Protein chains: 2
Amino acid sequence: MERDTRLPIGGLAKRTGTKVNTIRFYEDIGLLPCAARTASGRRTYGDEDVGRLAFIRNARGLGFSIDEIRSLTALALGPGQDCAEIRAVAARHLLDVDKKLERMARLRAELARIVQLCDGGPVSDCRVIEAIAAATA
Amino acid sequence: MERDTRLPIGGLAKRTGTKVNTIRFYEDIGLLPCAARTASGRRTYGDEDVGRLAFIRNARGLGFSIDEIRSLTALALGPGQDCAEIRAVAARHLLDVDKKLERMARLRAELARIVQLCDGGPVSDCRVIEAIAAATA
DNA sequence: TTACATTCTACAGTAGCTGTAGAAGCAAGC
DNA sequence: GCTTGCTTCTACAGCTACTGTAGAATGTAA
């Protein structure tokens, strides 16, 4: 059985695909609790820390902001009947993502149109600059 | 006929939907040329400045970075036969946008799945936190 | 022991602005 | 002429979410 699998900060970094500096940064801003320290002052991490950091990284990967993650973890560690709020945070974020997607799709179309203005024609007929100057996106 | 329609910085700001500080920022970083000044030292802008700022704002709206805009204007004001390069900048940016869109669509799907884990079930069954912790996006 | 890797703190830099402080100018009303 | 209130000026701090660096200390392997 594996036990006492304490990791130094570099180990945690490798395990979670996070940079060492980022881990310290999360601790600084209170997103991660202060790490335990060895006698010489170095941070050590256990399984719980691995899980918590993995959660943070996944949430960031899903586009949650640091503040949203703060809310999520506060709710998750809180009284217990706040699941509706947790869902609300995620649902709100989903709406934001949908808005961004929509906006990006419109932008993409406009951009493609602009690039095509040049397609096939002689180089001297390029209207890309004018098209950007008149863009509506 | 309208002539001598010189604008103070606030007027240019309104005209182009840009904040005053942003205009000064663009001048600072050399994206806009140094503005002409009145006797008392205030910036004044003419039609050309309106056009150039409008171009910058549209390009930003299309997601071009400041550096890309720098390239575009340099090419546009340059020798003249660089249109292929202009198109290349825009096409490269389009590819970037496509990549981002793809990534966001995947993320959106994962997020929707997670939010749905809660749908209709009793509040105490919410698995959003666990789902985020195990997310693959 | 010597060398190299890792960690420590502390701080500067990234993009693209945005906001603020404090001083000066300007235009209108009385 | 004077006051009020808006705009502008410079200069700098702050925002998000990290990332990179310097310089010192500590750990590990040959």
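In what order do the 3 strands of the open sheet in chain B lie? The legends below begin with that sheet. The model is predicted.

**View 1. An open sheet in chain B is built from 3 strands.** The order across the sheet is S1-S3-S2. The pairing is antiparallel. Strand S1 (7–8) and strand S2 (36–37) of chain B are the edge strands. Each of these edge strands pairs on one side only. In general, the strands of a sheet pair through backbone hydrogen bonds, and the pairing can be parallel or antiparallel.

**View 2. S1(B) meets strand S3 of chain B.** Strand S3 covers residues 43–45 of chain B. S1(B) and S3(B) pair over 2 bridges, in the antiparallel sense. Look for Leu7(B): the residue opposite, in S3(B), is Tyr45(B).

**View 3. Chain A combines 6 helices with 3 strands.** Follow chain A along its sequence and the pattern reads β-α-α-β-β-α-α-α-α. Chain A has 137 residues, and 23% of them are buried. Now take the contacts in chain A between residues at least 6 apart in sequence. Of these, 47% join residues at least 24 apart.

**View 4. Chain A touches chain B.** The contact takes 42 residues from chain A and 42 residues from chain B. On the side of chain A, four elements give two or more residues: helix H3 (47–61), helix H4 (66–77), helix H5 (83–116) and helix H6 (128–133). H5(A) gives the largest share, 21 residues. By class, this side of chain A has 30 nonpolar, 7 polar and 5 charged residues.

**View 5. A turn of 180 degrees lays chain A on chain B.** The shift along the axis is 0.0 Å, and the RMSD is 0.1 Å. The two copies are therefore related as by a two-fold rotation axis. Which residue of chain A comes closest to the rotation axis? That residue is Leu101(A), with its C-alpha at 3.4 Å. Of the interface residues of chain A, 100% are also interface residues in chain B, so the copies meet through the same surface.

**View 6. Residues of chains A and B surround DNA strand C.** There are 19 of these residues. The closest are Pro8(A), Gly10(A), Arg43(A), Ser40(B) and Ile66(B). In chain A, helix H1 (9–16) and helix H2 (20–28) each supply at least two residues of the surface near DNA strand C. In chain B, helix H2 (20–28) and helix H4 (66–77) each do so too. By class, the surface has 5 nonpolar, 8 polar and 6 charged residues.

How values were computed: Residues numbered from 1 in each chain as written. Chains lettered and ligands numbered in written order. Predicted model: local features only at pLDDT ≥ 70, side-chain atom pairs only at ≥ 80, totals over all residues. Pairing = 2+ DSSP bridges. Contact = placed C-beta atoms within 7 Å. Nonpolar A, V, L, I, M, F, W, Y, C, P; charged D, E, K, R; others polar. Buried ≥ 20, exposed ≤ 12 C-beta atoms within 10 Å, placed from the backbone. Near = placed C-beta within 6 Å. Least-squares fit on C-alpha atoms with pLDDT ≥ 70 in both.
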